[in-house]
Amino acid sequence: MLKRGAGKFRRYTGYLFDLDGTLIDTAPDLTFALNHALAEFGLKSVELAVARNWVGQGARRALERALAHQGAPADALDAMLESFLDCYRNHIAVESAPYADVEETLAALAGRGAKLAVVTNKRGEFTHKLLAEIGFADHFDAVVAGDTTPRLKPAPDPALTACEALGLGADEVLFVGDSLADVGCARAVGCAVACVAYGYRQGVAAADLGADAVIETFRDLL
């Protein structure tokens, strides 16, 4: 379990952060790209509130859920995926934005000497582009993207790679995420894990993700 200190949590030497749904609310731009792909193939658009339940597990999975929702066949899925990615590439940070208190908290953690890393299943191309356009490119000591390691979260590879890049052991870092994949990855390497109360959980309650703690706001990390 997470150890209590002067603040709500022990001050770890390093922090590993999931990206989509944890640091940045990317659902609006992902939904825009999803609707672009659907429209290109003559299908109805979906509301952001609905799409929020589909994003967070990759573009292909979001498209599969959108097609199932409309009772449409998935025979054009590969072509739709390319349409989605082409649109998202040029519309990656139009409406996406950091969640409340994220930037201030990252600055405070770095200011006290903590090492920070992003650990995401998002492709490297999109990860680095998003971080740059949001203005977060210089906030992290390491970035582990979906094509950095052979296996994605919940496999341990991404977190292990991040720890190695930071020069820290698993017992020195806190993994902060929003999903079962994040919790599984943290558990696989033996580091503590906290989940945000918001994020993209595909219908699983935050309290049921199996994390050591649920944080209501990023400032809880301080």
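The following exercises, each with a worked solution, concern the strands and helices of a predicted model.

Residues are numbered from 1 along each chain as its sequence is written, and side-chain values use heavy atoms, with hydrogens and water left out. In this predicted model, local features need pLDDT of at least 70 and side-chain atom pairs count only at pLDDT 80 or more, while totals for chains, interfaces and linings use all residues.

**Exercise 1. The sheet**

Determine the order of the strands in the open sheet and state which strands stand at its edges.

Solution.

Step 1. Helices (H or I, at least four residues) and strands (E, at least two) are DSSP runs, numbered from the N terminus. Two strands pair if DSSP finds at least two bridges between them. Strands of a sheet pair through backbone hydrogen bonds, either parallel or antiparallel.

Step 2. The open sheet has six strands in the order β5-β4-β1-β6-β7-β8, with parallel pairing.

Step 3. β5 and β8 are the edge strands; each has a single partner strand, so one side of each is left without a neighbour in the sheet.

Step 4. On average, neighbouring strands of this sheet are turned by 25° against each other, direction ignored. For this and later angles, axes are lines fitted to C-alpha atoms, for helices over the stretch in contact, and angles run from 0 to 180 degrees between N-to-C directions.

**Exercise 2. Bridges within the sheet**

Follow the pairing from β4 to β8 and name a pair of opposite residues at each junction.

Solution.

Step 1. Four bridges join β1 and β4 in the parallel sense, and leucine 16 lies opposite alanine 117 of β4.

Step 2. β1 also pairs with β6 in the parallel sense, over four bridges. Here tyrosine 15 has leucine 174 of β6 as its bridge partner.

Step 3. β6 (residues 173-177) runs parallel to β7, to which four bridges join it. Valine 176 is opposite alanine 194 of β7, and phenylalanine 175 is opposite valine 193 of β7.

Step 4. Three bridges connect β7 to β8 (residues 213-215), again in parallel; valine 196 has isoleucine 215 of β8 as its bridge partner.

Step 5. β6, helix α8 (residues 180-189) and β7 form a right-handed β-α-β unit. A crossover is right-handed if, with the strands pointing away from the viewer, the path from the first strand over the helix to the second runs clockwise.

**Exercise 3. Buried or exposed?**

Decide whether the residues of β6 and β7 are buried or exposed, and classify alanine 211.

Solution.

Step 1. Buried means under 20% relative accessible area, exposed over 50%, and partly exposed in between (1.4 Å probe, protein chains only).

Step 2. In β6, five of the five residues are buried. Val173, Phe175 and Gly177 cover one side, and Leu174 and Val176 the other.

Step 3. In β7 (residues 192-196), five of the five residues are buried, so this strand is largely enclosed by the rest of the structure. Ala192, Ala194 and Val196 point one way, whereas Val193 and Cys195 point the other way.

Step 4. Alanine 211 is located in the loop between β7 and β8. With 22% relative accessibility, alanine 211 counts as partly exposed.

Step 5. Contact means heavy atoms within 4.5 Å. Apart from neighbours within four places in sequence, alanine 211 is in contact with Val183, Arg187, Val193, Ala194 and Cys195.

**Exercise 4. Helix packing**

Describe how α4 packs against α3 and α6, and how α7 packs on the sheet.

Solution.

Step 1. Angles under 35 degrees count as roughly parallel, over 145 as roughly antiparallel, 65 to 115 as roughly perpendicular and the rest as oblique. A crossing is left-handed if the near helix is turned anticlockwise from the far one by less than a right angle, and right-handed if clockwise.

Step 2. Helix α3 (residues 59-70) packs against helix α4 (residues 77-89) at an angle of about 120°, with the axes 10 Å apart. α3 is therefore oblique to α4, and their crossing is right-handed. Among the residues that meet are Leu63 and Leu67 in α3 and Leu81 and Phe84 in α4.

Step 3. Between α4 and helix α6 (residues 124-134) the angle is about 25°, with the axes 11 Å apart. α4 is therefore roughly parallel to α6, and this crossing is left-handed. Leu85, Tyr88 and Arg89 of α4 make the contact with Glu125, Phe126 and Lys129 of α6.

Step 4. The buried residues of helix α7 (residues 157-166) include Ala162, Cys163 and Leu166. α7 packs on the sheet and touches β1, β4, β5 and β6, and its direction makes about 155° with that of β4. Glycine 167, whose phi is positive, near 75°, follows α7.
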